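Dear colleague,

Please find below the structure that I am handing over to you, together with its sequence. My findings follow directly after it.

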Amino acid sequence: MANNKDPQERTYEETVGVLRERGFDVLDAPGTANRVFLKKYGCSAAIEKNGEGNVRIFAKPGYLIGGEIARLVDKGYQKFLKTTKLEVPATADHLKAIHQFSEELKEASGSVSLYNEALGTVSDRYVYDRIKDREKPVESRPIRPWEPLEKAAAKAIPAGRGRKRQA
C-alpha cells in the first residue's frame, strides 16, 4: 500500500502551472525552450525539462543581488551571499527567504525534501578558516585571530631571535 505522504513527481508543465498558482514569477529563458527562471521572496532559480518530461534544476535557488543569483557560502562564523562581483553577509531574512523558496519549489515539483534541508538553509560552499593550512607544520601555519598573543608571538619570532626583555 502506497503512503499518501510520498511526493508525487510532477511533469515540467504541471510544475510550472503549480508555481504560477502559488505566486512565483515565471519568466521564459531567452532563446531556450523548456527552461524558465523563477522569482519569489527576492530569490531566484532556473528549472528546465529533463529527458523524461520532469523537472531538473538548472540554476540552484539563491538570493538575487544585482540581478544575479548569489551562492550561499558558509565560512564557519558567518554565512555570506556571493556573486561574481560582490560578497555580503547573509542576514536571517535572506536565509529564511532562500529556505522558503527552496521548500516551495520542491513541493511544487513533487521532489523529495531531505531532513537536513528541511531544518534550514543549506550552503552551496563551506569555507572554514580553522581547517585551512592545518596540514602544515605548526610553525609554518599563519597566525590566527583567535590564538592567544603569546602563542602568536612565539610563532612570529623564532626562539632566541627576539628582543630580550629588560628587567
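Helices and strands are here DSSP runs, of at least four residues for a helix and at least two for a strand, numbered from the N terminus. In these terms, Gly-53 belongs to the loop between S3 and S4. Please bear in mind throughout that this is a predicted model.

Overall composition

The protein contains four helices and nine strands. Their order from the N terminus is α-β-β-β-β-β-β-β-β-α-α-β-α. Of the 167 residues, 32% are buried. The exposed surface amounts to about 11700 Å², and 52% of it is supplied by carbon and sulfur atoms. Where contacts link residues at least 6 apart in sequence, 39% of them join residues at least 24 apart.

The five-stranded sheet

An open sheet is built from five strands in the order S1-S2-S3-S4-S5, with antiparallel pairing. Its edges are S1 and S5 (68-69), each of which pairs on one side only.

At one edge, S1 (residues 25-28) runs antiparallel to S2 and is joined to S2 by four bridges. Within this pair, Asp-25 has Lys-39 of S2 as its bridge partner. The two strands form a hairpin with six residues between them, and Gly-31 in the turn has a positive phi of about 75 degrees.

At the other edge, two bridges hold S4 and S5 in an antiparallel pair. Here Leu-64 is partnered by Ile-69 of S5.

Two helices on the sheet

H2 packs on the sheet, where H2 touches S2, S3 and S4, and its direction makes about 160 degrees with that of S4. H1 lies across S1, S2, S3 and S4, and runs at about 155 degrees to S3.

H2 comprises 18 residues and spans 26 Å from its first C-alpha to its last, close to the 26 Å expected at 1.5 Å a residue. Its buried residues include His-94, Ala-97, Ile-98, Phe-101 and Leu-105. Charged and polar residues also appear among the buried positions of H2, including Glu-103, Glu-104 and Lys-106. Just after the helix, Gly-110 adopts a positive phi of about 80 degrees.

The nonpolar core

Which residues touch the most other members of the largest nonpolar core? They are Leu-19, Leu-38 and Ile-47, in a core of 22 residues. At least two residues of this core come from each of H1 (12-21), S2 (35-40), S3 (43-49), S4 (55-65) and H2 (92-109). H2 gives the largest share, five residues. As general background, nonpolar side chains in soluble globular proteins tend to be buried together.

Two buried positions

Arg-35 is found in S2. Is this residue buried or exposed? Arg-35 counts as buried because its relative accessibility is 18%, and the cut-off for burial is under 20%. Leaving aside residues up to four places away in sequence, Arg-35 touches Tyr-12, Asp-28, Ala-29, Ile-47, Glu-48 and Phe-58.

Gly-53, in the loop between S3 and S4, has a relative accessible area of 14% and is therefore buried. What does Gly-53 touch, not counting residues up to four places away in sequence? The residues concerned are Thr-11, Tyr-12 and Glu-13. Although Gly-53 and Tyr-12 are 41 residues apart in sequence, their C-alpha atoms lie 5.9 Å apart in space. Tyr-12 thus appears in the contacts of Arg-35 and in those of Gly-53.

Strands S6, S7 and S8

Further along the chain, S6 (residues 71-74) and S7 (residues 79-82) form an antiparallel pair over four bridges. Arg-71 stands opposite Lys-82 of S7. The hairpin of these strands has four residues between them, and Gly-76 there takes a positive phi near 90 degrees.

S7 also pairs with S8 (residues 87-89), in the antiparallel sense and over three bridges. In this pair, Leu-81 has Val-88 of S8 as its bridge partner. Four residues make up the hairpin connection from S7 to S8.

With kind regards

Conventions: Residues numbered from 1 in each chain as written. Predicted model: local features only at pLDDT ≥ 70, side-chain atom pairs only at ≥ 80, totals over all residues. Heavy atoms only, no water. Buried < 20%, exposed > 50% of the residue type's maximum accessible area, 1.4 Å probe, protein only. Contact = heavy atoms within 4.5 Å. Areas by Shrake-Rupley, 256 points an atom, 1.4 Å probe, with all protein chains shown as cover. Core = buried A, V, L, I, M, F, W, Y, C linked by side-chain atoms within 4.5 Å. Pairing = 2+ DSSP bridges. Expected span 1.5 Å × (residues − 1). Axes fitted to C-alpha atoms, helices over the stretch in contact; angles between N-to-C directions.
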